[in-house]
Every structure is written in structure tokens, then in C-alpha cells.
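Open the model in your viewer and switch to a cartoon view. Have the selection tool ready.

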Amino acid sequence: MIGKSFCAATLLLAAVPAALAQDAPAGVEITVPGPEGNLAGTLIDPDPKAPLLLIVPGSGPTDRDGNNRYGVAGGPYRQLAEALAKRGVATLRIDKRGMFGSKAAVADPTRVTITDYAADTRAWIDAARQRTGRACVWLGGHSEGGLVELVAAQNPQGVCGVVLIGAAGRPLATIMREQFRGNPGNAPFLDSALGMIDAFEAGKHVDPATLVPPLPQLFPERVQDFLIDEFRYDPPKLAAALKVPLLVVQGDRDVQINPGDAQALAGANPAAKRAIIPDMTHVLRIAAGEGFAASTATYGNAALPVAPALVDAVAGFVTAKR
């Protein structure tokens, strides 16, 4: 399977005109005002007439390049941005408030919500349009970033369209219940976990002291507002309400989000397009085989490029005539 993938990639590269096969243009650091300090991002703009994709990062301490301290290395978002630049697509990839280049935006990066991130996305949309003169910006959210952009795009002003990459197609409460019930090792604290999820879903906080270990360490009080806010959102309902074009992209070797999520998102919006990328994992790279180990081996392998078919799908969607 991997041999076929690399052969296909080689053929694609051989067909690229020499002018497009050159190195991607250098990125430029730009900032916009945040709540307490600036938000920061990197703009790669090969052509002022090209479509511009705002890359919204996934969950946790994930930086604008797509790296995080939990093992993702090699910058999959940076790789995607550079590959898109060679296809004539501009990108703006950003750091979340309170983290990395956007550290000054808030004092405590855990005191945030999906609603906050969506507000920051709207600020980036406005800033990108003003800086580049574009009428609208495409939103490209990965993983949790997909939910962020679905919320932000409920206001279609300045939004060309939405690209969801490895985004959940179920409410977070549903996913968490499935994950807790699906692991037999969670039996000692399963009832406590399910009660906690019920409380968050009802908009209530939980005293960590009442939870069975290790739940107090996983769900301290400071992160509960984030979870309560995220539990309010139903991704398919948000997708159904979009007034702009939608592309849902999913790798079939993603062990975090599955093709059923992509089907739920695309199925909610009759005008949506869907692309299932063969062998692609959650970090946008090609796995050498099936199963959990092969998929997660791509996370820290900086030598692996992003899946060529992902680049094709995104570039084709944002450059299509409508």
C-alpha cells in the first residue's frame, strides 16, 4: 500500500511544471490585536489573486505549524501551507490565544472557550482581508479547529467557504461517553466519568474532589468552562446551517476521527463535498500500514510529507470556479 502511495506521489511531482516545483515562498509574521495582547500567525502569499486559506489549529498546545508536546513533530500545517503555495494557494496559519506567538493575548491559555477561538478567527478574517485586499478568506480547520471554524462561519461575512480536515462529526459529550465506555480499563471510574459528562452537558461545574482518580487531574476546575462551552455545539447542525461552500476531508487511517464523522458532517449539508484520503492519518500523513501503531507512527516522523491527495483536494476546492 505504501509503495503505491509513493509511486503516485512521484508521478504527481513529475507532472508539476518547473515554476511550481520551486521552493514555497517564505512566510511573513503578522499579528492582530487579541484580548490582552497580540495574536500571531504566518502568512504565505504567492499570488495576491490566489485564494487565501486560514489554517485553524487543533486541540491542546498545538502551534501554528501543527506541532505539539504530545508527539506531533515536523510541522504538518507548515508542510500543508508550503505544498499549497506550490499550487498557487495562499495560507495564513495561526497560534491560539495564550500560546506560542500568541502568548501575550491572554494570561492563562486554559481559561478559554471554543467561542473565544471563534472570535479570534473572525479577527483574523478581518485582518487578512484588510492586509491582502481579498474579498473573502477560506477557513481550513483541523480536528478541533474544524469546530472553531464552523462556529466562526455561522457569520458568512468575509468567508469564501469552509474546509474541515479530520473534524469531529459528533458532539464532544457523545465522543467522550464512547471513549470512556469503550476502554475496559476505565471501569473503576466509569460511573464517575459519565456523571461528570452529564453535568458538563447540563452546563454545570463539578468539584474535582468528588471525582474518582485520575479524573481530578484530567478535568481540573480551570478547564471545565472550556468543556461546558464545547458541549453546547453540535457539529452537523452547524454544518447544516452554513451559507458558504463546504468541503469535508477525512483520512481513512485516522485513529482519532473516523469516516463516519465525515459522513455526518457532509450529510448534514446537501451542497457539501466530501473527500476520503486513502491511508491518511490524523496528522495529514500517509501511514505505512493498517492499525493504531502504523497510524500513530506518522505523528513524530518529520521526514513524512503531508498526503499529496489532501493537497489536491484542498487546492481543487478553493480554486474551483463557482
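Here is a short tour of the sheet and the helices packed on it.

This is a predicted model: local features need pLDDT of at least 70, side-chain atom pairs count only at pLDDT 80 or more, and totals for chains, interfaces and linings use all residues. Residues are numbered from 1 along each chain as its sequence is written, and side-chain values use heavy atoms, with hydrogens and water left out.

**The whole sheet.** Eight strands form an open sheet in the order 1-2-4-3-5-6-7-8, with mixed pairing. Strands are DSSP runs of E, at least two residues, and helices are runs of H or I, at least four, numbered from the N terminus. Two strands pair if DSSP finds at least two bridges between them.

**The edges.** Select 28–33 and 273–277. These are strand 1 and strand 8, the edge strands, each pairing on one side only.

**Strand 1 and its partner.** Add residues 38–44, strand 2. Six bridges join strand 2 to strand 1, antiparallel. Find T31: its bridge partner is A40.

**Strand 6.** Now select 159–165. Seven of its seven residues are buried (under 20% relative accessible area, 1.4 Å probe, protein chains only). Which strands flank strand 6 in the sheet order? Strand 5 and strand 7 do. Strand 5 (137–142) runs parallel to strand 6 over six bridges, and H142 stands opposite I165. Strand 7 (246–251) is also parallel to strand 6, over four bridges. There, V162 faces L246.

**Helix 3.** Select 114–132. Helix 3 lies across six strands: strand 1, strand 2, strand 3, strand 4, strand 5 and strand 6.

Conventions
Buried means under 20% relative accessible area, exposed over 50%, partly exposed in between (1.4 Å probe, protein chains only). Contact means heavy atoms within 4.5 Å. Axes are lines fitted to C-alpha atoms, for helices over the stretch in contact, and angles run from 0 to 180 degrees between N-to-C directions.
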